[in-house]
Amino acid sequence: MIYTITFNPALDYITQVKNFKIGEINRTKTETILPGGKGLNVSIVLKNLGIENTALGFVAGFTGEELIRKIESQGVKTDFVKVEKGITRINIKISSMNENMIEETALNGMGPQITNDDTKTLMEKIQNMTAEDIVILSGSIPQNISTDIYDKICKSLSEKEITFIVDSTQELLMSVLKYNPFLIKPNKEELEETLNCKISTKEDIVNAAKELKKMGAQNVLVSLGNDGALLLTEENETYYSKAPKGEVVNTVGSGDSMVAGFIAGYYQTQDYEYALKTGVAAGSASAFSIRLATKEDVNILLKQL
């Protein structure tokens with residue numbers, strides 16, 4: 001089974017408001033409520049590509065129940081830890097056209113109060129996994145969870161010889177490279193920040209990826225936005241894929257979709273070059289749409305690659 005872990009999922013309330021003004025009553029033009037969180041995005045796209053998976057993480061209250069309902073309605077299995085205090089956060093995303101410019105405003109909720117017992121329950125679920133499983137850890141952690149949670153989980157997965165993928169911020173990523181994650185997915189800017197260097201050419205990208213491999217990563221997938229992506233494999237093979245042509249509508253979730261596409265492609269073929277192209281196609285499909293990538297979208301873009 002493939003598992004995704006999202007520590008701080010949310011319901012994303014996405015709305016359009018004409019000429020949004022602070023301090024006044026504003027009326028919405030459109031309203032959409034979607035499950036949010038990097039790991040959940042990965043789960044949804046994996047399922048869209050025909051890969052069964054289970055979403056793990058923490059939920060609480062009536063918003064947590066709605067999050068579970070929405071995720072399961074898309075065919076994703078769930079095994080969340082249900083927290084007693086607080087509610088699963090609601091993130092408000094406001095898009096407004098003001099003076100011929102689109103302005104985006106976000107108000108992100110706090111999330112529930114996660115206790116040591118709650119994290120212990122999650123760790124117990126991980127202890128029940130086997131070497132046949134795959135785990136994808138994505139995103140940040142809430143303020144009330146110990147910052148070493150990534151370290152504890154990756155150490156446990158490594159000891160059980162479970163394949164795991166990490167897509168997270170600089171500090172969290174660097175702390176777990178010693179456990180040899182199967183795949184990490186920094187972008188160009190994150191490479192520069194992590195290694196404190198300037199990257200201008202593909203050769204620079206390859207050299208930076210090699211540095212992360214020396215620190216423990218098995219495969220390094222570098223997303224390059226409109227320029228596609230580059231992959232340095234565990235065998236030190238380098239593959240590059242351009243991005244397909246299309247109009248960017250919304251980049252939220254495109255990086256998560258790239259991870260899902262890569263895992264789906266590799267899971268089905270064990271071929272790194274095909275996995276890279278599937279990842280790029282999935283990331284682009286999400287960027288070219290208001291929804292996350294579907295199998296039909298990915299297959300169409302794969303033909304360009």
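How far apart are the mean positions of the positive and negative charges of the chain? They are 4 Å apart, with 32 positive and 40 negative charges counted. Keep in mind as you read on that this is a predicted model.

## The chain as a whole

Let us start with the overall picture. The secondary structure comes to ten helices and 14 strands. The radius of gyration of the chain is 19 Å, close to the 19 Å that the globule rule gives for 305 residues, so the chain is as compact as a globular protein of that length. If you draw a box along the principal axes, the C-alpha atoms fill roughly 60 × 50 × 40 Å.

What share of the 305 residues is buried? Buried residues make up 51% of them. The accessible surface of the chain comes to about 15300 Å², and carbon and sulfur atoms account for 47% of that surface. Contacts across the sequence are worth a look too: among those with a separation of 6 or more, 64% join residues that are 24 or more positions apart.

## Cysteines

A disulfide is a covalent bond between the sulfur atoms of two cysteines. How many disulfides does the structure hold? The number is zero. Is C154 buried or exposed? C154 counts as buried because its relative accessibility is 0%, and buried means under 20%. C197, in turn, is partly exposed, with a relative accessible area of 32%.

## Two asparagines with a positive phi

Most residues other than glycine have a negative phi. With that in mind, find N180 in the structure: its phi is positive, about 60°, although N180 is not a glycine. N180 sits in the loop between α5 (170-176) and β11 (183-184). N196 also has a positive phi, about 55°, and is not a glycine either. The loop that holds N196 runs between α6 (188-195) and α7 (202-214).

Is N196 buried or exposed? N196 counts as exposed because its relative accessibility is 72%, and exposed means over 50%. N180, at 39% relative accessibility, counts as partly exposed.

## Three residues and their surroundings

Now let us visit three more places along the chain. The table gives the relative accessible area of each residue.

| Residue | Relative accessible area | Class |
|---|---|---|
| T88 | 1% | buried |
| S241 | 4% | buried |
| G255 | 24% | partly exposed |

Where does T88 lie? Look in the loop between β6 (81-83) and β7 (89-98). Leaving aside neighbours within four places in sequence, T88 is in contact with P9, A10, F58, V59, A60, T63, G64, L67 and P112. T88 is buried, with a relative accessible area of 1%.

S241 belongs to strand β14, which covers residues 238-241. Not counting residues up to four places away in sequence, S241 touches D227, G228, A229, L276, K277, V280 and L305.

G255 is part of helix α8, residues 254-269. Which residues is G255 in contact with, leaving aside its neighbours within four places in sequence? They are D167 and K185. You can also follow G255 to N187: these residues are 68 residues apart in sequence, and their C-alpha atoms are 8.9 Å apart in space. G255 is partly exposed because its relative accessible area of 24% falls between the 20% and 50% limits.

Notes. Residues numbered from 1 in each chain as written. Predicted model: local features only at pLDDT ≥ 70, side-chain atom pairs only at ≥ 80, totals over all residues. Heavy atoms only, no water. Disulfide = S-S within 2.5 Å. Buried < 20%, exposed > 50% of the residue type's maximum accessible area, 1.4 Å probe, protein only. Helix = DSSP H or I, 4+ residues; strand = E, 2+ residues; numbered from the N terminus. Rg over C-alpha atoms; globule rule 2.2 N^0.38 Å. Contact = heavy atoms within 4.5 Å. Areas by Shrake-Rupley, 256 points an atom, 1.4 Å probe, with all protein chains shown as cover. Lys, Arg positive; Asp, Glu negative; His and termini not counted. Charge placed at Lys NZ, Arg CZ, Asp CG, Glu CD.
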